[in-house]
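Let's take a walk through this structure together. Have the sequence and the 3D view at hand as you read.

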Amino acid sequence: MRSLVDASVREAMDTFLVGLIWDADPADDPALTGGGGFFPSATDHGLPRVLLVCPPEAVRGKARAWERVESQLEELREPFATECEGWAGRPDTFENFTALLREWGNLTTDAARRGWGLVGLP
């Protein structure tokens, strides 16, 4: 669906989601693991990491990205219908998809407000 979305929406969405619900390579962005802090980076690229870490400094940036994404969610309706609607095991409607994104957005915004980081399992 990414290729069907305007670049500005895609960039904001990528900033918001990477490291939260999809794996990113810590070698590309040391902030994903706190700059070599509590959790070691993945060395075997054949195995996905089972723990995603977003330190407080990165959460603030994700909250700002969410503000941009939230105002543009409707722009994702058509790309979602084209690429994702009805997939088994995933949000099967646009409304369920945006509800999931809003839950992540609310959680991220609240964590940023409190100065917290996030830890999750993909």
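**From the first helix onward**

Just after helix α1 comes G19, a residue with a positive phi, near 85 degrees. Keep in mind as you look around that this is a predicted model.

Now step back into the helix itself. α1 covers residues 7–17, and its buried residues are V9, A12, M13, D14, F16 and L17. What do the buried residues of α1 pack against? Their partners are two other helices, α2 (56–70) and α4 (94–114).

One of those buried residues, V9, also leads us to a loop. Q72 sits in the stretch between α2 and α3, and Q72 touches both V9 and S8, leaving aside residues up to four places away in sequence. Is Q72 buried or exposed? Its relative accessible area is 19%, and the cut-off for buried is under 20%, so Q72 counts as buried.

Next, let's look at the charged side chains. The structure holds six salt bridges, and we'll visit a few of them. Start with R102 and E70, whose side chains meet in a salt bridge at 3.2 Å, N to O. This pair links distant parts of the chain: R102 belongs to helix α4 and E70 to helix α2, and they are 32 residues apart. Both ends are partly exposed: R102 has a relative accessible area of 35%, and E70 is likewise at 35%.

From there, move over to R77. This residue forms a salt bridge with E74, and the closest N and O atoms of the two are 2.5 Å apart. R77 is partly exposed, with a relative accessible area of 34%. R77 has another salt bridge to show you, this time with E95, where the closest N and O atoms are 3.2 Å apart. Which helices do E95 and R77 lie in? E95 is in helix α4 and R77 is in helix α3 (residues 77–83), so the pair ties together parts that are 18 residues apart in sequence. E95 is partly exposed too, at a relative accessible area of 46%. Put these pairs together and you get one network, with E74, R77 and E95 joined by salt bridges that share partners.

So what should you take away? Helix α1 has its buried residues packed against α2 and α4. Helix α4 also carries R102, the partner of E70 in α2, and E95, the partner of R77 in α3. Trace those links in the 3D view, then find Q72 in the loop between α2 and α3.

How values were computed. Residues numbered from 1 in each chain as written. Predicted model: local features only at pLDDT ≥ 70, side-chain atom pairs only at ≥ 80, totals over all residues. Heavy atoms only, no water. Buried < 20%, exposed > 50% of the residue type's maximum accessible area, 1.4 Å probe, protein only. Helix = DSSP H or I, 4+ residues; strand = E, 2+ residues; numbered from the N terminus. Contact = heavy atoms within 4.5 Å. Salt bridge = Lys/Arg side-chain N within 4 Å of Asp/Glu carboxyl O.
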